[in-house]
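Colleague: I am new to this one and would love a close look at a single part. Could you pick a helix and walk me through what surrounds it?

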Amino acid sequence: MKKRMLALLLALSMVFALTACGGGGGGKTTLNVIISQYGNYTQEWWTQFEKDFEAANKNVDLNIEIVSWNDIYSVVSTRIQSKQQPDILNISGFADYVADDLLMKAEDYTSAEVKAKIIPSFWESNDIDGTVWALPILASCRLLFCNMDLLNAAGITEAPKTWDDVLTACQAIKDTHGDSVVPWGLDISTDEGQAAFSYYTWNMGGGFVDSSNNWALNSDANVKAVEYIKTLIDSGYCNSAPYTDTRYPLQDAFSAGTLAMMIGPMNMVSADSSVNYKYTDIPTSTDKSSAMGVCDQLMVFKNDAVKDQDARTKAISAFFDFFYDCERYSSYMVYEGFLPATTDASDNLSANAEKYIKGGTTDVTGDSEYFEFFCGLLPNCGFYPMGKAEWMDVRNGVIEVEQQVCQGSISARDALDNLQKSIAG
């Protein structure tokens with residue numbers, strides 16, 4: 001009898017030990033989540049999300065940490081080095097984590113319902129060699145913004161539709177307003193020079209890769225695009241320091257009415273600006289304008305130390321089901337001032353955005369009409385080829401090309417040929 005009692009006690013102790021590790025039984029699965037701070041309401045929104053999620057998922061202990069964009073890359077790097085990476089991470093870029101075999105495949109934790117409503121171009125933007133490794137947390141797209149009062153005063157009645165129209169408008173603005181107004185905002189700094197490369201190359205028929213997804217950095221269209229950027233600078237149409245000016249002071253200048261035109265994000269104009277502006281397609285010399293899509297990601301790290309992998313995967317799947325719920329996800333987009341990456345939230349915000357705006361706040365995205373226009377662009381946005389292993393070298397390389405060419409130290413053809421050779425051999 002004593003032996004049987006001792007055996008029973010030992011068995012029970014083993015069950016309790018497993019439960020304490022979050023592996024199974026009646027215990028909880030713990031999920032540690034790191035979210036990047038996008039704005040003033042990030043902490044508030046995710047604090048409520050954590051409470052609501054745990055109330056609906058009693059078997060999951062959710063720990064959400066908000067980290068500023070200034071710190072997140074160093075924070076995550078340190079955590080990985082000490083083998084304390086989070087279960088779920090919100091950051092921009094994932095190729096290095098895939099190369100180090102740190103991530104789970106998105107298919108392993110994404111429910112059929114969630115996958116079905118993610119806009120296909122956003123799902124595919126997280127693909128590396130046929131495997132999707134992350135989900136889109138939110139989106140933005142870049143378009144042309146024009147101060148119509150400044151353009152109209154210069155005799156320009158419509159926003160430019162072609163690159164030739166841009167040159168004509170810039171000269172008219174310069175002739176009319178003199179030094180008091182900068183015709184065209186340009187950022188080819190190390191902050192976002194790769195974005196400028198996208199705007200001009202995509203809308204001159206070029207880009208980073210060809211139709212087979214091979215690097216095509218020295219295409220004729222790309223050469224023409226970089227030469228065009230140099231023309232804007234040489235003609236005196238741009239801000240005086242495009243090599244160091246980031247888009248942020250340029251956005252401030254546009255909001256203040258001293259910059260006539262620039263390509264920027266959908267939420268670039270400050271809420272208290274009185275500028276009479278119009279947002280429209282990026283000028284193009286092709287049949288159709290290409291907007292630039294920006295998409296940060298949510299990714300899931302492997303954790304081989306967890307004993308009950310099935311419970312962990314179910315908890316992660318529940319997290320994403322909860323997050324992408326149409327009502328909840330729609331509110332998050334308005335709180336953060338970005339665009340949704342799902343079809344149901346896009347449709348919802350295009351008709352009902354006003355109901356999610358917090359009373360008394362001003363730094364939120366626009367109304368339903370605003371969402372309808374921008375969400376309509378999302379399925380056709382172009383994206384950086386971030387899934388390719390050479391992307392960071394290409395990013396830095398195109399910025400160097402722009403700066404060297406525009407400062408006159410090398411031709412666009414030679415600079416792009418050199419870059420193509422260094423990347424693709």
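**A close look at helix H13 and its surroundings**

Modeller: Happy to! Let us begin with helix H13, whose buried residues are Cys 326, Tyr 329, Ser 330, Ser 331, Tyr 332, Met 333, Val 334, Tyr 335 and Glu 336. Keep in mind that this is a predicted model. Since nine of the eleven residues of H13 are buried, the helix is largely enclosed by the rest of the structure. Just after H13 comes Gly 337, which has a positive phi, near 80°.

From here we can step to helix H15, because H13 (326-336) is one of the elements that cover the buried residues of H15. The cover also includes strand E6, strand E9 (277-280) and helix H14 (343-352). H15 runs over residues 368-377, and its buried residues are Ser 368, Tyr 370, Phe 371, Phe 374, Cys 375 and Leu 377. At the N-terminal end, H15 is capped by Asp 367: a side-chain oxygen of Asp 367 lies 3.3 Å from the backbone nitrogen of Glu 369.

Two of these pieces, H14 and H15, have axes that come within 6 Å and cross at roughly 145°. On the H14 side the meeting involves Ser 346, Leu 349, Ser 350, Ala 351 and Asn 352, and on the H15 side Ser 368, Phe 371, Glu 372 and Cys 375. By class, the residues of this contact of H14 with H15 are four nonpolar, four polar and one charged. Ser 368, Phe 371 and Cys 375 also appear among the buried residues of H15.

Now for strand E6, another part of that cover. E6 spans residues 135-147 and holds Ser 140. With 4% relative accessibility, Ser 140 counts as buried. Setting aside neighbours within four places in sequence, Ser 140 touches Pro 265, Met 266, Met 292, Gly 293, Val 294, Phe 338 and Leu 339.

For a second example of helix packing, turn to helix H10. The axes of helix H9 (residues 193-202) and H10 come within 8 Å and cross at roughly 115°, so these two helices are roughly perpendicular to each other. H9 passes H10 in a right-handed crossing. Phe 197, Tyr 200 and Thr 201 of H9 make this contact with Asn 222, Ala 225, Val 226, Tyr 228, Ile 229 and Leu 232 of H10. The contact of H9 with H10 has seven nonpolar residues, two polar ones and no charged ones.

H10 (residues 220-234) also packs with helix H17 (residues 412-424), at an angle of about 130° and with the axes 9 Å apart. That angle makes H10 oblique to H17, and H10 passes H17 in a right-handed crossing. Here Asp 220, Asn 222, Val 223, Val 226 and Glu 227 of H10 meet Ala 412, Arg 413 and Leu 416 of H17. The residues of the contact of H10 with H17 comprise four nonpolar, one polar and three charged.

Finally, let us step back to the whole chain. Its secondary structure comes to 17 helices and ten strands, and its C-alpha trace spans about 100 × 55 × 35 Å along the principal axes. Of the 425 residues in the chain, 53% are buried. Among contacts between residues at least 6 apart in sequence, 73% join residues at least 24 apart.

Methods
Residues numbered from 1 in each chain as written. Predicted model: local features only at pLDDT ≥ 70, side-chain atom pairs only at ≥ 80, totals over all residues. Heavy atoms only, no water. Helix = DSSP H or I, 4+ residues; strand = E, 2+ residues; numbered from the N terminus. Buried < 20%, exposed > 50% of the residue type's maximum accessible area, 1.4 Å probe, protein only. Contact = heavy atoms within 4.5 Å. Axes fitted to C-alpha atoms, helices over the stretch in contact; angles between N-to-C directions. Parallel < 35°, antiparallel > 145°, perpendicular 65-115°, else oblique. Left-handed = near helix turned anticlockwise from the far one by under 90°. Nonpolar A, V, L, I, M, F, W, Y, C, P; charged D, E, K, R; others polar. Polar contact = N/O pair within 3.5 Å; in protein donor to acceptor, adjacent residues only side chain to side chain.
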